[in-house]
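User: Please take a close look at the charged side chains in this model. Then go on to the backbone and the covalent links, in one connected account.

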Amino acid sequence: MASSSSSRPAPLSFAAPQKPFAVHNNDGSDSEPPSPPGSHPGTPRSLSFLTPPLQTAALPNPFVGSPLAQPVQNPFSPPASVISFSANADATGGYPFPSNSPGNTRASSFVDVPRAFSTYSTTGSRPATGGSSSDLSAHRPSGSLHNPAPQTPGKREAFASPPARPLTIYATPPSSSSRIRPVRPKSTALLVPSNNASEVTVGDSEKPMKKKWSGSARPELKEKLDKPWIGMRDPRQGWAYWITYATVFLGVAAGAFRIWSEWNSVMLLPNNLCPVMMEDFTNTDTDALFGDGGKFFREVDASGFGNGEFEMTTNSNNNSFILNNQLYIYPSLTSDVISRDAILNGAVYNLTGCTYNITHATGYTSPTGSDSGNSSTSGSQVAPFDVQAYLNACSAVSNSTTGKILPPTMSARISTRRSASIKYGRVEVVAKLPTGDWLWPAIWMLPVDDKYGPWPMSGEIDIVEARGNGPSYPKQGIDWVRSSLNWGPVSFLNGVAKTFGYRQFRRGRYDRGFHTFALEWDENFMRMYVDSRLKFIYQLRLKKSFWDLGDFPPVVQNGSESVVLANPWVNGTTAAPFDQPFYLIMNVAVGGTNGWFPDGPEKPWLDGSATAPRDFLQAQDQWYPSWPSDVAQRSMVVDSVKMWELC
């Protein structure tokens, strides 16, 4: 075979460092320039490809002895920190560990990789293609990168692709993309292949091998398989189907019946409703609204209205006024008008425009001698004039010795006593409730005439009541509203505990926006709700009389006196005492001793204390900071009032 330098193309190695220039020897052969002393070892592996022969053998090298003839580091070589491998390292110069014999085939690394044959070039020279296999094995270069073994011209190692091997101890062997899955043998004992069917094995690297029958006919069975489940069916299986379908049908029917019954049970008023009052407060003239002949009446009173309330209601524009086409009922401190010392001692305060003679023609005193405070007779019944009740309503005295003080707060109480009342119908009030500790906003109704006797014998309808304390108040704060009916056979016996309801505004408060508080009422039912009938606070179907509903005993004890009870509504209808005309009241009270604010550690007074108003005033630094300075937040703001009556 001809010489490798003339008849075969020289391979180009990408693994060993590439030398940009060759050194021309005197015998006509080419050799690599020697590596400079102290150079870093290069990679020991060589991967060669055939390239056209170089035509530079006959030309002299002009760079011999020049610094440009120094070797250049191959960019494809591993970094200097990677330990190179050599299959036949010299015993004296092997890197990094010298071997004991020239024939050592142990890889010079932290791990041993045995190898019987290698084409790695450890001398940095280009491998030749001439020579036989015996010459290759006899003249295989050995040595290290620092001490290259001598080369024999014309005896070069043949090209071969080296097997994959790790470069470092941290390298991992290449993983195959296909997973080896076990092949589950399938029994074909019962199958008899047809004549025109052949068995073909198909599969790929990702799926297990499986047998597939090709041909037009499918395999035949040697014997018939026993399938007992298609012969005689279990009779209980049919029952299972019927029970399932019957249960589904009954569920659908029960749901439909529940929807129908609930829809049918919603009590509605007839369509024949006549408007009685439609007020949206577009008329901002206060005198026209609250004066003689006006739609609303300001009640002026300092008696506490039978609840022991801590406010006096006034006719001042400071406590009730029209702003932005809305009615404001604003509570304030009495100390804004009268000094605090005068409130506590030595003052007599007369209310200007006291309305006692209008609102209580028969006086506050009930037939039993107790002060009810809610009697509303307009003059149909005549009774002796009660001087003490008049003084309690129209004036106040402060005396530090007795503990009596002037009412510490002022507010307003607006009613339709003189302008509008209804017997059966509908009431809608769109309002925003106030916020502030111990405020008591209420929208409610009282009878025009005490047809069945003083309160509560003639009834009271509380459309909505609330407490101005924040949601953290443990006895239902401003996020709760309540509706109730007050009724009873005597003044000291009230059946309200059997006819009340309440609703919480989840994730909200009733002082943050306007809501519609409504009453629907006829001889068959009564319903109070907020915003929608679905959000009713309380509703009652009038199927039996309130005397039967109360289940009162024949005799009750009032202190040391035994009182025989009689049915005061015996001459009324089933709806009695709520079968007479009622008028509307809107007010903001403050505190009280009737139990609306239950006693507790957070409350600065006790209901049974004779000095409850004074205790409340002395704790002003605790509760007054909760009253907002913003008028709209402290006030009950009424946007509209609408009343309809059955006609």
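Analyst: **Charged side chains, strands and links**

K603 counts as buried, because its relative accessibility is 6% and the cut-off for buried is under 20%. The model is a predicted one. The side chain of K603 meets that of D599 in a salt bridge, with 2.8 Å from N to O. D599, for its part, is partly exposed at a relative accessible area of 39%. Elsewhere, salt bridges with shared partners join R426, E428, E520, R527 and R533 into one network. The structure has 12 salt bridges.

Another of these pairs is R258 with E262, whose closest N and O atoms are 3.2 Å apart. Both residues belong to helix α2 (residues 235-265), and since they are four residues apart there, about one helical turn separates them. R258 is exposed, with a relative accessible area of 53%, whereas E262 is partly exposed at 41%.

A further pair is D292 with R418, joined by a salt bridge of 3.8 Å from N to O. This one links distant parts of the chain, 126 residues apart: D292 is in the loop between α3 (286-290) and β10 (297-298), and R418 is in the loop between β18 (413-415) and β19 (421-422). D292 is exposed, with a relative accessible area of 77%.

R634 can be set beside these pairs. This arginine is buried but has no salt bridge. The nearest side chain of opposite charge is that of D336, 5.8 Å away. A salt bridge needs the nitrogen within 4 Å of a carboxyl oxygen, so the pair of R634 and D336, at 5.8 Å, does not count as one. R634 is part of helix α10 (residues 631-634). Setting aside neighbours within four places in sequence, its contacts include the aromatic residues Y330, Y624 and W627, the prolines P331, P434 and P628, and also S332, T435, L439 and S629.

The strands come next. Strand β13 (residues 326-329) is covered on both faces, with Q326 and Y328 buried on one side and L327 and I329 buried on the other. In a regular strand, side chains alternate between the two faces of the sheet. β13 pairs with strand β12 (residues 320-323) in the antiparallel sense, over four bridges, and S320 stands opposite I329. β13 also pairs with strand β31 (residues 636-646), again antiparallel, over three bridges. I329 takes part here too, with M636 as its bridge partner in β31.

β12 and β13 make a hairpin with two residues between them. N324 is in the loop between these strands and has a positive phi of about 55° although it is not a glycine. Its relative accessibility is 61%, so N324 counts as exposed. Most residues other than glycine have a negative phi, and most peptide bonds are trans. Q476 has a positive phi as well, near 70°. This glutamine is found in the loop between β22 and β23 (480-486) and is partly exposed, at 23% relative accessibility.

Cis peptide bonds are found before two prolines: from W455 to P456, with omega near 5°, and from A576 to P577, with omega near 15°. P456 is in the loop between β21 (439-447) and β22 (460-465), and P577 is in the loop between β29 (561-564) and β30 (582-590).

The covalent links remain. The count comes to two disulfides. C274 is joined to C647, with 1.8 Å from S to S, and the link is right-handed, with 90° about the S-S bond. C274 lies in strand β9 (residues 273-279) and C647 in the segment after β31, so this disulfide ties together parts that are 373 residues apart in sequence. C274 is partly exposed, with a relative accessible area of 29%.

The other disulfide joins C354 to C394, also with 1.8 Å from S to S. Its S-S torsion is about -70°, so the link of C354 and C394 is left-handed. C354 lies in the loop between β15 (347-350) and α5 (356-359) and C394 in helix α6 (residues 387-394), so the parts tied together are 40 residues apart in sequence. C354 is partly exposed at 23% relative accessibility, while C394 is buried at 6%. With bonded cysteines counted along the chain, the disulfides follow the pattern 1-4, 2-3.

Conventions: Residues are numbered from 1 along each chain as its sequence is written. This is a predicted model: local features need pLDDT of at least 70, side-chain atom pairs count only at pLDDT 80 or more; totals for chains, interfaces and linings use all residues. Side-chain values use heavy atoms; hydrogens and water are left out. Buried means under 20% relative accessible area, exposed over 50%, partly exposed in between (1.4 Å probe, protein chains only). Two strands pair if DSSP finds at least two bridges between them. Lys and Arg count as positive and Asp and Glu as negative; His and the chain ends are not counted. Contact means heavy atoms within 4.5 Å. A disulfide is a pair of cysteine sulfur atoms within 2.5 Å.
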